[in-house]
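Q: Got a minute to walk through this one with me? I'd like a quick tour before I set anything up.

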Amino acid sequence: MISDPKRVWKTARNKDTSRNKLANKHFKSPLQIDHTESLYMSNQQTELLRFTTAGSVDDGKSTLIGRLLYDSKSIFEDQYEQIKQTSERRGEEGVNLALLTDGLKSEREQGITIDVAYRYFATPKRKFIIADTPGHIQYTRNMVTGASTANVALILVDARHGIIEQTRRHAIIASLLQIPHVVLCVNKMDLVDYAEENFENIREEFSQFASKLDVVDIEFIPISALKGDNVVNKSDQMDWYHGGTLMHYLENVHIGSDHNLIDSRFPVQYVIRPYSDEYHDYRGYAGRMAGGVLKKGDKVMLLPSGFTSTISKIDSYDGEVEKAFPPMSVTVLLEDDLDLSRGDMIIRENNTPEISQDVEVMLCWFNSSPIREKGKYVLLHTSQDVRCLVKEVRYKLDINTLHRNMDDKSIGMNDIARVVLRTTKPIFFDSYRRNRHTGSVILIDESTNETVGAGMII
Amino acid sequence: MSYNYSLNHLKELESESIFIIREVAARFENPVLMFSGGKDSILMTYLAAKAFHPAKIPFPLLHVDTGHNFPETIEFRDRLIEKLGVKLTVGSVQEAIDKGLVTEEKGYSASRNGLQTAVLLESLENGKYDAALGGARRDEEKARAKERFFSHRDEFGQWTPKNQRPELWNLFNSKKNMGEHFRVFPISNWTELDVWQYLAEEKVELPSLYLAHERDCFVRDGVILADTDVITRRPEEKVEKMKVRFRTIGDMTCTGAVLSDADTLEKVIEEVATTRITERGGRADDKRSETSMEDRKKQGYF
């Protein structure tokens, strides 16, 4: 029997907690304290930023990631030694930083990236997760996957070639997936003599194109990943550029508003019932906040029943939670004894999501066998698993031009289409534009169990 | 008063991991948590306790014991199990050797790593587990960088890179056929430094092996190994007293130590933050070839 579960884990070794508790509450500039403490305290303030990288085959994407890792001193000696040896063996000039992000044996042999790989690095300000996605035409699915959780998209362009078909495709995907911030990295500036004109032309052309897209925040940075200009360190070759480096951008871009904090949505993920003497009547609804803010005393409505209740407590292992907001995992307790289960949703009264069996989505298809009109699939949405029928394919989207093709409704691998689905029971959703968590679905083929599509609800 | 609606990165990672652990409990009939005694599996157990609080962890722990564990690891494990009130299953490599199910490697660099895989697969099959939660992280090794949270394994327990499902948002496909199972990695997005910072901040108890201590060691191929009766030393390998700590804890035959004065978690964090060698750089099993991790994973290793 454990009366205080925390005692299981606490050690006598670290008794002095007062200093750290204080650090939690009152932010002090790291400059005020010695090195050890700043290291320890800085993480209290460190935000997590996820970004994705897109570029066509030779745009230098792997080199850019290698450069970010190398110049931010996130590369270990043994890793560096390994790629140095490989570079020498291949007879390459200098150390090829792109080798750092080469993953599996099969793709090292082919020299291409065939799947999303995740990389990590941190600066005192932020921790970064890179979803490194390949830029090949046939791998749209990987780009969509990497984009689905990203705060920022880095799109690479070769300064010599400017905006090409793939650049437009990457931007369209960033827009469809509603990545809040897009950075166009004009790379290989060293190969155009760091000329302002090249950069400005590309900026002009992309801005015009982007005005047709749903991207609010676009930044342009001239860089050379190979030489290191404006990646982590400011370039001394481009006096005409007055903006910050890419790293400066990544460390400072405002991501506090990337979550929906308005519409309270709490999909019930799991019901916690301890069945112990101490917690005899405990019935907690565990889940992760998908939108808005919830707190004790809030009047809530339960879906699909439509019953109302009041939050009696928001619980966690660390004690009562004052306010729950995305992406917190918490446990909600209600005043009334109601029978909620996985798939249900707790919302604030007077702010209901759409409740419907008819869902219209922009669907990205991932499978080599094409979508079957009138076909049935399993649909995953928040904590709900339902079945659905593909009622209609409205049009196929040309992801290079945004053209809506009403005549071609054969949707195959890597195609994006507007599709009408009918679910076996109502789901509770918001538009993807409003909320990425309650506006996204995936489709699974029941005969193969493969994930065949990803949809953004319109 | 305005509120700050953002989490620091450790709290966000914690929340993500708890979400995935709960997802496993909700989606699978018979999950199990892989427990090695290392810091990552201790973190996993701690996060699982958080995920279901105030209820107990609703699945058992499974330890694949090579028989070459540090005694400290086993003591720590047994104490933890008792405190948490969860069930522990042990898959014993020694038993498998005794029964003749597997054959032990011979020679100076003999390791039970390969045997571990066979015993792991057998334990999963015996327990009829349909999901095994593991503490692997993507930053550990390059073959892990592409690992999914929900990693599909065929009926032979094998991992096929091409057969993995895309993972979008936080929607995880756990559909499978009879006989297949999933490995699930809730702490995929944590780095070594994140783990240490979190364990220190949360004041989680760890085996003493992780802190600097005096120990009889010797050096083999640049790796510091503990002198124990399960490793046969070559004549030229001399035992010395060294002040060391372990960055990972696995089988004694292949877990390398680092010279260190870090005898508190705070000092460990400082060392980790400034260190220049990867965590698995001290693992002899990864040094066998450039793609050894990828090859082992394909055979069913974690």
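Q: Start at the pairing. Which residue stands opposite E354(A) in strand 20 of chain A?
A: F429(A) stands opposite E354(A). Keep in mind that this is a predicted model.

Q: Which strands does that belong to, and in what sense do they pair?
A: Strand 16, residues 354–365, and strand 20, residues 416–429, both of chain A. They pair in the antiparallel sense over 10 bridges.

Q: How many bridges join strand 18 of chain A to strand 20 of chain A?
A: Eight, again antiparallel. Strand 18 covers residues 384–397. V390(A) in this pairing stands opposite L421(A) of strand 20.

Q: How is chain A split into domains?
A: The assignment gives domain 1 (47–252), domain 2 (265–348) and domain 3 (354–457). The C-alpha centres of domain 1 and domain 2 of chain A lie 41 Å apart.

Q: Helix 3 of chain A next. Why is it described as largely enclosed?
A: Because 10 of its 11 residues are buried, helix 3 (61–71) is largely enclosed by the rest of the structure. Among the buried ones are K61(A), R67(A) and Y70(A).

Q: What covers them?
A: The cover includes strand 1 (47–54), strand 2 (117–122), strand 3 (126–132), strand 4 (152–158), strand 5 (181–187) and helix 9 (246–252) of chain A. Just after helix 3, K73(A) takes a positive phi of about 60°.

Q: Which residues have the most contacts inside the largest nonpolar core?
A: A153(A), I155(A), C185(A) and L33(B). That core has 190 residues. In general, nonpolar side chains tend to be buried together in soluble globular proteins.

Q: What does A153(A) touch, leaving out residues up to four places away in sequence?
A: F51(A), T52(A), A54(A), A147(A), A174(A), I179(A) and V182(A).

Q: Backbone oddities now. Where are the cis peptide bonds in the loops of chain A?
A: One runs from L303(A) to P304(A), with omega near 10°. P304(A) sits in the loop between strand 11 (299–303) and strand 12 (308–315) of chain A. Another joins P326(A) and P327(A), with omega about 0°. P327(A) is in the loop between strand 13 (323–324) and strand 14 (329–334) of chain A.

Q: And D193(A): what is its phi?
A: Positive, about 55°, although D193(A) is not a glycine. Most residues other than glycine have a negative phi. D193(A) lies in the loop between strand 5 and helix 8 (196–210) of chain A.

Q: Is T382(A) buried or exposed? Same for D193(A), buried or exposed?
A: T382(A) counts as buried because it has 28 C-beta neighbours inside 10 Å. D193(A) has 10 inside 10 Å, so it counts as exposed. T382(A) also has a positive phi, near 40°. Its place is the loop between strand 17 (376–381) and strand 18 of chain A.

Q: Over to chain B. What's the secondary structure?
A: Eight helices and 10 strands. Buried residues make up 56% of the 302 residues in chain B.

Q: In what order do the six strands of the open sheet in chain B run?
A: 3-2-1-4-6-5, with mixed pairing. Strand 3 and strand 5 (150–153) are the edges, each pairing on one side only. The twist averages 30° from one strand to the next.

Q: How do strand 4 and strand 6 of chain B pair?
A: Parallel, over three bridges. L133(B) has V184(B) of strand 6 as its bridge partner. Helix 1 (9–27) of chain B lies across strand 1 (31–34), strand 4 and strand 6, at about 155° to strand 4.

Q: Back to strand 3 of chain B. What does S92(B) touch, beyond residues up to four places away?
A: D65(B) and G67(B). S92(B) and G67(B) are 25 residues apart in sequence but 7.0 Å apart in space, C-alpha to C-alpha. S92(B) counts as partly exposed because it has 16 C-beta neighbours inside 10 Å.

Q: Last one. What are the domains of chain B?
A: Domain 1 is 9–193 + 291–298, and domain 2 is 205–287. Their contact takes 23 residues from domain 1 and 21 residues from domain 2. By class, the domain 1 side has seven nonpolar, 10 polar and six charged residues.

Conventions. Residues are numbered from 1 along each chain as its sequence is written. Chains are lettered from A and ligands numbered from 1 in the order in which they are written. This is a predicted model: local features need pLDDT of at least 70, side-chain atom pairs count only at pLDDT 80 or more; totals for chains, interfaces and linings use all residues. A nonpolar core is a set of buried Ala, Val, Leu, Ile, Met, Phe, Trp, Tyr and Cys residues joined through C-beta atoms within 7 Å. A residue is buried if 20 or more other C-beta atoms lie within 10 Å of its own, exposed if 12 or fewer, and partly exposed in between; C-beta atoms are placed from the backbone. Two residues are in contact if their C-beta atoms, placed from the backbone, lie within 7 Å. Two strands pair if DSSP finds at least two bridges between them. Helices (H or I, at least four residues) and strands (E, at least two) are DSSP runs, numbered from the N terminus. Domain bounds come from an automatic or database domain assignment. Ala, Val, Leu, Ile, Met, Phe, Trp, Tyr, Cys and Pro count as nonpolar, Asp, Glu, Lys and Arg as charged, and the others, Gly among them, as polar. Axes are lines fitted to C-alpha atoms, for helices over the stretch in contact, and angles run from 0 to 180 degrees between N-to-C directions.
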